[in-house]
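Biologist: I'm new to reading structures like this one. Could you walk me through it, feature by feature?

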Protein chains: 2
Amino acid sequence: MPHCHTYLKKLRDHGYRITPQREMIVKIIAHYGRHMSAEEVMEKIREKTSSINIATVYRTLDLLVENGLASRFDLGNGKTAYATSEHGPHVHLVCKHCGSVTEITESDISASLDRIEDLYDFDCRPYHFSIHGLCRDCRDSKTD
Amino acid sequence: MPHCHTYLKKLRDHGYRITPQREMIVKIIAHYGRHMSAEEVMEKIREKTSSINIATVYRTLDLLVENGLASRFDLGNGKTAYATSEHGPHVHLVCKHCGSVTEITESDISASLDRIEDLYDFDCRPYHFSIHGLCRDCRDSKTD
DNA sequence: TCCTTTGATGCGAATGTTTGCAATAAGGAA
DNA sequence: TTCCTTATTGCAAACATTCGCATCAAAGGA
Ligand SMILES: [Mn+2]
Ligand SMILES: [Mn+2]
Ligand SMILES: [Zn+2]
Ligand SMILES: [Zn+2]
C-alpha cells in the first residue's frame with residue numbers, strides 16, 4: 001500500500017510544498033515500516049540517487065512528527081529514532097542499565113491513554129514512546 | 001532535608017567513589033528540586049567554585065539515572081533534562097506542535113505502570129517521562 | 001601515614017542535531 | 001506558459017552529547 005501518497009497528500013493539504021527531497025524521505029520511511037534514525041534514512045537515499053543534505057532529512061522527519069504522521073523517540077543510546085504509523089502504536093520498555101528494549105501490548109496502556117485524552121484533552125495517538133526503567137535481570141544483579 | 005547525603009551514600013554503597021565533583025553535582029541537582037539540563041548544572045557550578053568539565057557533569061548525571069536516583073527525559077526542544085526524585089514522579093504531556101507541557105496526576109497513569117511492572121517484570125519507578133502529542137489548541141487550529 | 005589499585009577526571013576529538021542565511025524552486029496567479 | 005511570492009534547501013557554523021585515552025586521586029590495606 002503506497003502510504004507515502006497519503007502522507008504527501010496530507011502535507012500538501014496542510015499547505016506544505018512537496019519537494020523531491022520530501023517525497024524521497026517520506027517514501028523511504030513509510031516503506032521501511034520500522035524505526036529509522038536520520039542517518040539510516042540518509043544511507044537509503046545514498047543507495048538510490050543523489051544526496052540530500054542531512055539537515056533537510058531532520059527537518060522533514062520533524063515535519064512529519066509535528067503533523068502526526070510519524071513518531072519520534074529516544075532509545076536511550078544517544079540517537080533519536082523515527083517511524084511512520086506503519087510501524088504501529090506501542091510503548092517500549094527501555095532498560096536504562098543494559099539497554100534492552102521490550103514492546104508492550106496495546107491493551108496494557110490504552111486504558112491510561114484513553115483516560116489522559118479524556119481528562120486533559122490531549123491527543124496522544126498515534127502513540128509510540130519509551131518508558132525507561134530497570135529490567136528484571138538488571139534489578140536482580142544489584143544490591144540496592 | 002539533605003537528600004544529597006542519601007544519594008551520595010547510595011552511590012558509595014554501590015561501590016562508586018565519592019569525588020568533590022560528584023558531591024557538588026549531586027548537591028546542586030538534589031537541592032534544585034526541578035528539571036535541569038547539564039548546562040544549567042554547569043552554570044550553578046561556575047557561580048560557586050572552580051569549574052568541572054562538562055563531560056563529568058554528563059557522566060555523573062547518567063550515573064544517577066542508571067542507579068535510579070534521578071530521571072532523564074526529553075522535553076522535545078533538543079535538550080535533555082534531569083531531576084532527582086525530589087521532583088516527584090509524574091508524566092509530562094508535551095505538545096509536539098507548540099511545545100506546551102502539562103503534568104498529569106499520579107492516579108491517571110499508576111494503574112498502567114502497576115500492570116506493566118507485574119506483567120513484564122520491569123521496574124518503571126520512580127517514573128518521570130514524557131508523552132508527546134497534540135494539545136487541544138493545536139488540534140483545533142488544524143484542518144486535518 | 002604511606003602505598004597500591006583502579007575507578008574517575010579532564011581534555012580534545014568525534015558524533016548527533018539544530019540553526020541562520022543566502023540561493024533556489026514549488027505552487028498559485030495572470 | 002511565464003512570473004512572482006515565499007517556503008524550502010544546502011551549506012557552514014553552532015550547539016548538545018559521547019568517547020578514547022593519558023593522568024589523577026579515592027579508598028582500602030599495610
Ligand atoms: Mn517501536
Ligand atoms: Mn517533571
Ligand atoms: Zn537491563
Ligand atoms: Zn500545542
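Modeller: Sure, starting with a polar contact: that's a pair of N or O atoms within 3.5 Å; within protein, one must be able to donate a hydrogen and the other to accept it, and residues adjacent in sequence count only if both atoms are side-chain atoms. Here, a side-chain N or O atom of B:R17 sits 3.2 Å from a base nitrogen of DNA strand D. This is a predicted model, where local features need pLDDT of at least 70 and side-chain atom pairs count only at pLDDT 80 or more, while totals for chains, interfaces and linings use all residues. Residues are numbered from 1 along each chain as its sequence is written, chains are lettered from A and ligands numbered from 1 in the order in which they are written, and side-chain values use heavy atoms, with hydrogens and water left out.

Biologist: Which atom of DNA strand C does the side chain of B:R17 approach?

Modeller: A base oxygen, at 3.1 Å from a side-chain N or O atom of B:R17. The side chain of B:Q21 has a polar atom 2.8 Å from a sugar or linking oxygen of DNA strand C.

Biologist: Back to DNA strand D: what lies 2.6 Å from the side chain of A:T56?

Modeller: A phosphate oxygen, with an N or O atom of the A:T56 side chain as its partner. A:R22 also has a polar side-chain atom 2.7 Å from a phosphate oxygen of that strand.

Biologist: How many residues surround DNA strand D?

Modeller: A residue is near a strand if one of its heavy atoms lies within 4 Å of it. For DNA strand D there are 21, and A:Q21 and B:Y58 are among the closest. Of the strand's atoms within 4 Å of the protein, 69% belong to sugar or phosphate.

Biologist: And what coordinates the manganese ion (ligand 2)?

Modeller: Look for donors, meaning N, O and S atoms within 2.8 Å of the metal (3.2 Å for Na, K and Ca); water is not among the atoms, so sites may look incomplete. In this model, B:H35, B:H87, B:H90, B:H92 and B:H128 each use NE2, at 2.2 to 2.3 Å. Along the chain, the donors follow the spacing H-x51-H-x2-H-x1-H-x35-H.

Biologist: Is B:H87 buried or exposed?

Modeller: Buried means under 20% relative accessible area, exposed over 50%, partly exposed in between (1.4 Å probe, protein chains only). B:H87 has 14%, so B:H87 is buried. B:H128, at 7%, counts as buried too.
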